[in-house]
Amino acid sequence: MAGRVEGKIAFVTGGGSGMGREHALLMAEEGASIIVSDVNEAGGRETVSMINSKGGQGLFIDFDVASEAAWQSAVNQAVSTFGRVDILVNNAGIFMMKMMADTTEAELDRMLNINVKGVFYGCKHILPAMQKAGGGSIINISSIYGVIGAPAASAYQASKGAVRILTKSVAVEYAPYNIRANSIHPGVIRTPMTRDLMATPDSEKAILASTILRRAAEPREVAYPVLFLASSESSYITGAEIMVDGGYTTV
Amino acid sequence: MAGRVEGKIAFVTGGGSGMGREHALLLAEHGATLIVSDVNEAGGRETVSMINGKGGQGLFIKFDVAKEAEWKGAVDQAMASFGRVDILVNNAGILIMKTTQNTSSEELDRMLDINVKGVFYGCKHILPAMQKAGGGSIVNISSIAGIIGMAGAAAYQAAKGAVRILTKSVAVEYAPFNIRANSIHPGIIRTPMTQDFLVNEKTEKAFLGTTILRRPAEPREVSYPVLFLASGESSYITGAEIVVDGGYTTM
């Protein structure tokens, strides 16, 4: 039985660990060929191994999303290997907990380079590859921190708020090319990025205080919404925000 | 291969035509048993025929969602037939295109009775049936008219705005029962409710407004998001708004 993204070519940044790996694995299970990128080469190659060993097809590209030139050549490599790209998941990102007063210019630059420019360049340079496909779906991973305010994450919040609205701009510009663009807003997800935040039962409880489901999510609970947006089942959804947060932004 | 809501008991109001019928048919295709309700008996029975004709199982209950006693009777009947309810799609609703000035008190009452109380009573009275199931998913059909302003549908907007936020209240209250609640916000969908506005290319263009996909949706394009919210794939999504509007609210 055909998978829900059968025969599609999907590009997942930050696919070497955490949520990115799960997005790549699930779409591969549903029939897509996956281009996995990461600056973490060991992790990225491991994700591709996992895909290949389950009978799927994966390609690893080691590049830094903050570099426009690197993006351009990564897309060229994808097109020369697969001829086109149907799905782009801009998942690569960094997290930093610091009060605004303590955030240095260098830290802010790093955050904006990876989390904003990384997504911007991805959306910009994937266009010709998606035009070759006759259309496509772009999924940008924002955060609940791109929606509501929280303490000690101002640089991260700025970057995720940018992703939220940049996505709508892309949705408007790319609609004539049959390309949809949407943002996903994960809440507290159990990944390497949040491990320190949930190191003890008390700290876990504190960070989950506003999550009405009272637990962190497993990465696959974000991967399924990504699959939904990647597939044609969401054909009338563009410029939208999907909160995957156990109700965090609801209260 | 098991459907995505295999073995679930789903209750769809307003299932006799338009989007409601399509939600019922798709959930049935994916393995759910359907309770279809409507005040339109011929339409409701036809939906159940279509379900049975494809090898599924359906039950029609004729009742008026605006009446609390009738909601209670309908849920009792569902329980007597199936023992529990896993999924509730509060889809029944009316549209009245009138400005604030021209809306009579009778029209306002009718709108609030069907579109708000109908959803409220559904959420209220389904609880014991979902507790018997050990959990569940409530999907309330709101509208883009519950998000952005438009001229000439004031009572409808009040009603759909109410549904949007009422859903979050239900999400908070029912989380301890393992019940999720989310709202769907369709844009311009091709159904009997909108056919007068989509009569020719000129009226269609005007009605589509800022829909960046430049076309109305087919009902099934709303049913797939309903299926997604009804199924376990959206297990970390509650209190959220899924906007299915071709980008209307994006601009």
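**Exercise 1.** In this predicted model, determine how many bridges join strand β2 of chain A to β3(A), and place the two strands in their sheet.

*Solution.* Step 1: β2(A), residues 33-38, is joined to β3(A) by five bridges, and the two strands run parallel. Step 2: One such pair can be named, since a bridge partner is listed by residue: A:Ile35 has A:Leu59 in β3(A) as its partner. Step 3: Both strands belong to an open sheet of seven strands with parallel pairing, ordered β3-β2-β1-β4-β5-β6-β7 in chain A. Step 4: β3 (58-62) and β7 of chain A are the edge strands, each pairing on one side only. Step 5: From one strand to the next, the twist averages 15°.

**Exercise 2.** Find which residues of helix α3 of chain A are buried, and explain why they line one face.

*Solution.* Step 1: α3(A) covers residues 68-82, 15 in number, and reaches 21 Å from first to last C-alpha, close to the 21 Å expected. Step 2: With a cut-off of 20 or more other C-beta atoms within 10 Å, the buried residues are A:Trp71, A:Ala74, A:Val75, A:Ala78 and A:Phe82. Step 3: Viewed down the helix axis, the buried residues of α3(A) fall within an arc of 95°, so they line one face. Step 4: A:Ala69 and A:Ser80, on the other side, are exposed. Step 5: The cover over the buried residues includes β1 (9-13), β2, β3 and α4 (105-133) of chain A.

**Exercise 3.** Describe the side of chain A that touches chain B by residue class.

*Solution.* Step 1: Chain A gives 27 residues to the contact, and chain B gives 27 residues. Step 2: On the side of chain A, 17 are nonpolar, seven polar and three charged. Step 3: α7(A) supplies the largest share, four residues.

Methods. Residues numbered from 1 in each chain as written. Chains lettered and ligands numbered in written order. Predicted model: local features only at pLDDT ≥ 70, side-chain atom pairs only at ≥ 80, totals over all residues. Contact = placed C-beta atoms within 7 Å. Nonpolar A, V, L, I, M, F, W, Y, C, P; charged D, E, K, R; others polar. Pairing = 2+ DSSP bridges. Axes fitted to C-alpha atoms, helices over the stretch in contact; angles between N-to-C directions. Expected span 1.5 Å × (residues − 1). Buried ≥ 20, exposed ≤ 12 C-beta atoms within 10 Å, placed from the backbone. Arc of directions from axis to C-beta.
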